[in-house]
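Please walk me through this structure in the viewer, one selection after another. Tell me what to pick next and what is there.

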Amino acid sequence: MQGRVCDRGTSEEKRVPELPEVETVRRSLARLIVGQTIVAVEVREPRLRRPLAADFVATLAGRAISQVERRGKYLQVNLDNDQVWLIHLGMTGQLVVGPPDEAPRRHDHIVIVLGNGQCLRYNDTRRFGLMAVGSEAEVAAWTGLGVEPLSSAFSRRYLWHKTRSTQRTIKDVLMDQRVIAGIGNIYASELLFRAGVRPGCVAAALAQPAVERIVKATKAVLREAIRHRGSSISDYLDGEGQPGSFQSRFRVYDRQGQPCRVCTTPIVREVRGGRSAFFCPTCQSED
Ligand SMILES: [Zn+2]
């Protein structure tokens, strides 16, 4: 199994897996680990973004896995004692299930032996991932996430309300995890292209029809990306070690200078606050 799918040297931003990638990992992991008991937990490197809690192994060992859920960019593994094992993949985290005799890879920081003999391995080159175990209420407080974009709570009315009293751009609002959970740079760029709105527009200045288009485009782009198992442009692999394919369908992200797939105008890359925004100056209007 190879550790790195496609590390694009041209992209200055190591990216965090967004909702479609985490959802794809969730689906593949759910098939492989739900119903399994955690027989053993081996921590080879406890220093992730934050060090693992001293009782991390004790809170997991012996528990059965009842469900694998997702909130925003987080995985939430529900245990049979109503505790939740919270996982954020950081920038380079991979959770892959494989046979026990597989040779350990560099950066396999946590190895979990399941009741069926298979091993769930957490590999994270940059160690920017996060793991903790707590009650559902504790986990919600730790993450402080806004609404799920694919739920009915993310509506035209909700986004309209959230955009009225802010000086921020629409892209910044869409990427604010406390407002909407799960969207990062790739999907914010892609959905704003589909909505025909420039990423640099001041959110409060958007009219009702634009807000409605953004909500519809958000749901459509995320669903389409999930169907294609997410985008593999960095270290992302799903629970079976497979990459996604949505990156071949990008309309604007990482396509600066290339012709717009709709109107052939060259795609523009604009840097704001250290982050790149990509848009078509013809298809996307400023208001
Ligand atoms: Zn265009």
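## Start at helix 3

Select helix 3, residues 136-143, which lies across strand 3, strand 4 and strand 8. The direction of helix 3 makes about 145° with that of strand 8. Keep in mind throughout that this is a predicted model.

## The sheet under helix 3

Now show strands 2, 3, 4 and 8. They form an open sheet in the order 2-3-4-8, with antiparallel pairing. Strand 2 (65-71) and strand 8 (130-134) are at the edges; each has a single partner strand, so one side of each is left without a neighbour in the sheet. On average, neighbouring strands here are turned by 20° against each other, direction ignored.

Zoom in on strand 4, residues 84-88, and strand 8: 5 bridges pair them in the antiparallel sense. For one position to label, take I87, which stands opposite M131 in strand 8.

Next, add helix 1, residues 19-33. Helix 1 lies across strand 2 and strand 3 (74-79), and runs at about 175° to strand 2.

## The second sheet

Keep helix 1 on screen and select strands 1, 5, 6 and 7. These 4 strands also make an open sheet, in the order 1-6-7-5, and the pairing is antiparallel. Its edges are strand 1 (38-43) and strand 5, each with a single partner strand, so one side of each is left without a neighbour in the sheet. The twist from one strand to the next averages 15°. Helix 1 packs on this sheet as well, touching strand 5, strand 6 and strand 7, and its direction makes about 30° with that of strand 5.

Go through the pairings in turn. Strand 1 and strand 6 run antiparallel and are joined by 5 bridges; I38 stands opposite L114 in strand 6. Strand 6 (residues 108-114) is joined to strand 7 by 5 bridges, again antiparallel. Strand 5 (residues 93-98) is joined to strand 7 by 6 bridges, and these two run antiparallel too.

Label N123 in strand 7. N123 is the bridge partner of Q94 and also of D108. Then move to the hairpin of strand 6 and strand 7, where 4 residues lie between the strands and G117 takes a positive phi near 90°.

## Strand 7 from both sides

Colour strand 7, residues 119-124, by accessibility. How many of its residues are buried? The count is 6 of the 6, so strand 7 is largely enclosed by the rest of the structure. In a regular strand the side chains alternate between the two faces of the sheet. Here C119, R121 and N123 are on one side and L120, Y122 and D124 on the other, and both faces are covered.

Pick R121 within this strand. R121 has a relative accessible area of 6%, and counts as buried because that is under 20%. Show its contacts, leaving aside residues up to four places away in sequence: among them are Q94, L95, V96, D108 and I110. C119, in the same strand, is buried at 5%. For a sense of scale, draw a line from the C-alpha of R121 to that of R198: they are 40 Å apart in space and 77 residues apart in sequence.

## Helix 6

Select helix 6, residues 185-195. Of its 11 residues 10 are buried, so helix 6 is largely enclosed by the rest of the structure. The buried residues include I186, Y187, L191, L192 and F193. They pack against helix 1, helix 5 (170-174), helix 7 and strand 10. Just after helix 6, label G196, which takes a positive phi of about 75°.

## The zinc site

Last, centre the view on the zinc ion. Which protein atoms are its donors? They are the SG atoms of C260, C263, C280 and C283, lying 2.3 to 2.4 Å from the ion. The angles among the 4 donor atoms are 99 to 113°, and the site is tetrahedral. In sequence the donor residues follow the spacing C-x2-C-x16-C-x2-C. C263 lies in the loop between helix 7 (208-227) and strand 9 (268-272), and C280 in the segment after strand 10 (275-279), so the pair ties together parts that are 17 residues apart in sequence.

Compare the accessibility of these two donors. C263 is partly exposed at 25%, whereas C280 is buried at 0%. A search of the whole structure for disulfides finds 0.

Terms used: Residues numbered from 1 in each chain as written. Predicted model: local features only at pLDDT ≥ 70, side-chain atom pairs only at ≥ 80, totals over all residues. Heavy atoms only, no water. Pairing = 2+ DSSP bridges. Axes fitted to C-alpha atoms, helices over the stretch in contact; angles between N-to-C directions. Contact = heavy atoms within 4.5 Å. Disulfide = S-S within 2.5 Å. Buried < 20%, exposed > 50% of the residue type's maximum accessible area, 1.4 Å probe, protein only. Donors = N, O, S within 2.8 Å, 3.2 Å for Na, K, Ca; no water. Tetrahedral: all angles 85-135°; square planar, octahedral: opposite > 155°, others 65-115°.
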